[in-house]
Every structure is written in structure tokens, then in C-alpha cells.
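Q: I would like to learn how to read a few features of a protein model, taking them one at a time. Could you give me the general idea first and then the case at hand?

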Amino acid sequence: MDFIELVESYKDDIVKSTQEIVRIKSVEGEGKPGMPFGEGPYNALKYALDIAEDMGFKTKNLDGYAGHADFGEGDETIGILVHLDVVPEGDGWTYPPYSGEIHDGKIFGRGTLDDKGPAIASLYAMKALKEANVSLNKKIRIIFGTNEETGWGCMKYYFEHEKAPDMAFTPDADFPVIHGEKGIIAFDLVKKIENNSCGDISIKSIKGGNAVNMVPDYCEAILEVKDMDYIENKLKNFKEKNDYDISIEEKDGIVKVIAKGSSAHGSTPEKGENAITYLMLFLGEILDCNCDICDFIKIYNEKIALKHNGEGIGCGFEDEVSGKLNFNPGVIKTEDGKITLSINIRYPIKSSSEEVYNGIRKELEGTGIKLIEDDDEMKPIYVPKNDPLVEKLMKVYKEETGDLDSEPITIGGGTYARAMDNAVAFGPVFPGQEEVAHQKDEYISIEHLMKMAKIYAKALYELAK
């Protein structure tokens with residue numbers, strides 16, 4: 001039996017393993033001894049290593065930060081870089097986000113697509129090559145990370161203690177092959193709030209968003225109001241003009257304004273519906289004075305709202321290699337006398353974070369808003385289309401899919417391809433396929449899961465033979 005037939009024979013096990021690992025809520029939590037990113041990511045890592053060990057692979061757990069499993073011999077190593085942590089689930093799921101339920105041939109749950117399903121598919125692809133006893137000249141190693149979504153401390157620790165593979169791919173983006181990734185930065189825009197009252201309305205709090213690299217699907221403001229009719233009339237007029245999900249709840253003069261949107265990955269903010277933006281646009285309708293928080297709202301609505309490429313705030317850069325900058329306001333909160341807006345940006349490969357920061361600071365001069373940088377910048381990466389790694393993966397993709405027209409692409413997403421030299425992203429999303437990573441009702445179809453497992457088995461064979 002050849003290794004592709006073996007992959008097909010594993011179908012029930014692949015589905016079961018995907019369901020089981022999705023049931024582990026591996027959102028980063030409080031660090032504990034041996035569990036640097038909390039119990040959830042650690043349990044997911046342990047689960048993956050246990051499966052790998054049962055398959056007969058050599059495994060290693062690097063103090064709970066990361067782990068690997070490998071087989072084969074040779075002076076060179078082919079790597080697969082996957083992550084087992086997930087972003088928070090958010091609200092509005094049709095099926096429980098950590099159940100792994102199957103409906104209409106799809107496995108639903110946080111991480112099914114990003115990146116647990118692809119991790120399981122890759123692991124079984126390795127198993128097929130091992131059990132088929134194919135002749136390979138290189139070692140194959142799968143590396144499991146545990147905080148890709150929240151800082152990459154897992155990969156930093158791993159490569160401080162282990163030698164990097166000679167070449168690798170990560171199944172954490174799109175097909176056919178990602179040969180370039182934009183630079184990624186996150187930062188805060190902060191303004192002190194000494195006055196939060198505007199006539200008969202006081203803003204007690206604003207909060208929304210789960211993670212800076214997600215389009216927020218929920219945002220709320222708590223207001224103290226004296227004229228409820230005014231608020232209700234403004235809401236009615238606002239909703240007549242805008243198709244946004246805004247509602248209010250009132251009790252004893254305290255009003256909660258709720259905005260709901262639709263989540264998406266922070267690298268594609270235009271694919272989501274930003275609840276922070278919807279809330280700020282409504283607040284801009286009901287507030288009309290020069291208080292500190294009103295000034296912040298006005299600036300947001302003028303320079304940020306509904307502008308996905310930074311064009312309103314001094315950083316609308318683009319290049320011919322990777323296209324336009326992506327701008328995502330991901331989290332907002334008021335606390336300790338200030339309002340903080342956390343932003344995630346994917347800047348073009350030929351631009352720089354310095355250009356972005358300088359452009360924003362210049363645009364915000366005189367507003368009282370401070371830009372506070374985050375140190376965890378991810379520089380852009382670029383691998384030429386004629387690189388052997390890119391060419392071999394493209395060959396496999398075309399042979400297995402029959403898609404002879406697609407070419408290597410660049411993306412705004414950040415993958416583990418940045419963690420080492422000579423690595424690219426390879427799948428799992430096919431051209432034209434619905435992108436559900438970081439969204440409610442994330443899923444992977446069983447057909448898709450099996451198709452990618454076969455592609456990864458063939459890719460590993462071509463790279464390691």
C-alpha cells in the first residue's frame with residue numbers, strides 16, 4: 001500500500017484526533033511550573049506528543065514551551081511547524097466552540113482550521129510515510145508551538161535549545177505557497193480622560209474586543225443619561241441610515257450600548273465587521289462637545305473608522321510585492337483614567353515599522369493621544385519564487401489539485417515561517433475557500449482535512465527523498 005492510500009485508511013483516526021485536540025481549550029492562561037502559557041496549551045502539547053509517541057516517533061517536550069516528534073535519518077532535516085494554541089472563542093457560536101461536533105461533514109470548533117486540524121493532518125502524513133517504509137534521505141520533524149497567537153515565546157525558546165530544520169513549511173495560511181509575509185506590529189493609542197461628561201451624558205466605560213489580531217465582534221459602552229428619549233431617537237435614526245447591529249439596555253438611568261459585529265483574522269480586517277467601529281460611530285452621533293473622550297471618539301471616526309488600510313492615519317502604504325497595509329483596531333478599554341485602543345498592523349514587505357509609526361505620530365500631533373509601541377515586531381519575510389523549496393511545494397500542489405494556474409502569493413498573516421530561515425507557509429486554505437480562522441463557527445470539512453493530509457504527505461516525501 002502506498003503512502004497516499006495509507007493516509008486515506010487513517011480517515012477515522014484523523015477525524016477523531018482532530019475532535020479530541022479541539023476539545024482542549026488551549027487559549028493562553030496563567031503560567032505555571034512546566035506550563036509557561038497555562039494548562040490549556042500544555043494539555044494540547046501533551047496530547048499531540050502522546051499521539052506521536054504512539055505512532056512510534058521520537059518525541060521531546062521542551063519544558064512545556066514547545067515539543068517535537070521525528071523519524072528517519074540523514075544529515076538534513078525537513079521541518080513542519082505547527083501551533084496548538086488558539087485565540088479566544090468569542091461569542092455567537094452555533095455549536096459549542098470546544099466540542100469538535102460534526103455537522104454536514106464539517107468539524108466545528110476553535111482551532112479546527114487554525115491550526116489544530118492541519119497539525120493533526122501533518123502528523124498522520126508523517127505516519128503514512130513511516131509505515132509505508134519509503135526511502136528517505138532526510139529526517140522529518142514536526143515542531144509543536146504553544147503560543148503562536150500571543151507572542152511566539154514558544155518558538156524563541158525552542159530555537160534557543162534546538163537546531164532549526166534545514167527547510168520547513170507551516171500549514172497555517174493558504175495554498176498554493178506563501179513566499180512572502182508582511183511585517184506585523186501591535187501598539188496602543190492612549191489618551192488621558194479627565195472629563196467624560198458631555199452635556200446630559202456621562203461615559204462610564206467602553207470595552208470591546210478579545211485579541212488585537214482579531215476583528216472584534218462585540219463592544220459596549222456604559223452611559224449615564226438624563227434624557228432617554230434623546231438616546232432612543234438617535235438610535236432609531238442611526239439604524240435607519242446604517243445597517244449596524246446596535247442595541248441599548250436601560251435601567252435606572254444607566255444605559256448599556258451594545259454593538260455586535262463579525263470576527264475575522266486581523267490580517268484581513270475588511271472581511272469582518274468591527275464592533276468597536278460601529279459603537280464609536282454611534283457614540284459620535286449622540287455626543288457633541290469637546291470633552292476628552294469625545295475628542296478621542298471624533299479622531300477615531302475621522303481617521304480610523306471603516307478605513308482598513310491606514311489611509312486616514314498616516315500609514316496607507318503599499319507596494320507591488322505585497323499590496324496594501326492592513327489596519328485592525330482590535331481591543332478598546334477605559335480604565336485608570338485613560339482610554340486605550342490596541343491596534344494590529346500588517347505593513348507591506350518593502351515598508352518598515354519606523355515609517356508606520358512616524359506617519360501615525362505625525363497625524364496625531366496635538367491630539368493628546370500617545371502611541372505606545374510593542375516590542376514584539378515581526379519583520380517581513382520574502383522567499384523568491386524560484387527558490388527550490390517554493391518550486392517543490394508548488395509542484396506537489398499542482399499535481400495533487402490540478403490547479404495549474406495559481407502562483408505563489410504574499411499575505412498579511414504572520415506564520416511560523418518567520419521563526420527560521422528557509423521556511424514558507426503552505427496551506428491549509430485553498431484558493432476561493434471560505435476563510436474562517438479566528439471567526440465564530442470556525443470549522444474544517446472532513447474532505448478538506450483528508451485532502452491536505454495527502455498533500456502534506458506528498459510534500460514531505462518530495463522534500464525528504
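Q: How many bridges join S12 to strand S13, and in which sense do the two run?

A: A word on the model comes first. This is a predicted model, in which local features need pLDDT of at least 70 and side-chain atom pairs count only at pLDDT 80 or more, while totals for chains, interfaces and linings use all residues. Residues are numbered from 1 along each chain as its sequence is written, and side-chain values use heavy atoms, with hydrogens and water left out. As for the terms, strands (E, at least two residues) and helices (H or I, at least four) are DSSP runs numbered from the N terminus, and two strands pair if DSSP finds at least two bridges between them. Here seven bridges join S12 to S13 (residues 218-225), and the two strands run antiparallel; within this pairing, Ile203 has Leu223 of S13 as its bridge partner.

Q: Which other strands pair with S12?

A: Strand S11 (residues 197-198) pairs with S12 (residues 201-208) in the antiparallel sense over two bridges, and Ser197 is matched there with Ser202 of S12. The hairpin of S11 and S12 has two residues between the strands, and in this hairpin Gly199 takes a positive phi near 65°. S12 is also joined to S18 by two bridges, again with the strands running antiparallel, and the bridge partner of Gly208 in S18 is Ile332.

Q: How should I read the order of strands in a sheet, and which strands are at the edge of the one that contains S5?

A: The order lists the strands as they pair, and in this case three strands form an open sheet in the order S4-S5-S25 with antiparallel pairing. The edge strands are S4 (102-103) and S25 (443-445), each of which pairs on one side only. Between S5 (residues 106-108) and S25, which run antiparallel, there are three bridges, and Lys106 has Ser445 of S25 as its bridge partner.

Q: Which helices go with this sheet, and at what angles?

A: Two terms are needed here: contact means heavy atoms within 4.5 Å, and axes are lines fitted to C-alpha atoms, for helices over the stretch in contact, with angles from 0 to 180 degrees between N-to-C directions. Helix H2 (residues 11-22) packs on the sheet and touches S4 and S5, its direction making about 15° with that of S5. Helix H11 (residues 446-464) lies across S4, S5 and S25, and runs at about 70° to S25.

Q: How is a pair of aromatic rings read, and how many aromatic pairs does a search of the whole structure find?

A: A pair of aromatic rings is described by the distance of the centres and the angle of the planes. Rings of Phe, Tyr and Trp (its six-membered ring) pair if their centres lie within 6.5 Å, and planes under 30 degrees apart count as stacked, over 60 as edge-to-face and the rest as tilted. The search of the whole structure finds 20 aromatic pairs. In one of them, the rings of Tyr95 and Phe108 have centres 4.8 Å apart and planes at 55°, so the pair is tilted. This pair links distant parts of the chain, 13 residues apart, with Tyr95 in the loop between strand S3 (77-83) and S4, and Phe108 in strand S5.

Q: Where do cis peptide bonds occur, and where does a residue other than glycine have positive phi?

A: The peptide bond from Asp114 to Asp115 is cis, with omega near 10°, and Asp115 is found in the loop between S5 and helix H4 (116-131). Another cis peptide bond joins Phe175 and Pro176, with omega about 10°; Pro176 lies in the loop between strand S8 (173-174) and strand S9 (178-181). As for phi, the value for Trp152 is positive, near 70°, and Trp152 is placed in the loop between strand S6 (139-145) and helix H5 (153-161).

Q: Which element gives the most to the lining of the second largest cavity?

A: A cavity, on a 1 Å grid over the protein atoms alone, is a set of points where a 1.4 Å probe fits but cannot get out, and lining residues have an atom within 4 Å of a point. Helix H8 (residues 292-303) gives the most to the lining of the second largest cavity, with three residues. The residues that line this cavity include Phe296, Ile299 and Tyr300.

Notes. 1 Å grid on protein atoms, 1.4 Å probe; cavity = no way out; pocket = protein on both sides within 12 Å on 5 of 7 lines; lining within 4 Å.
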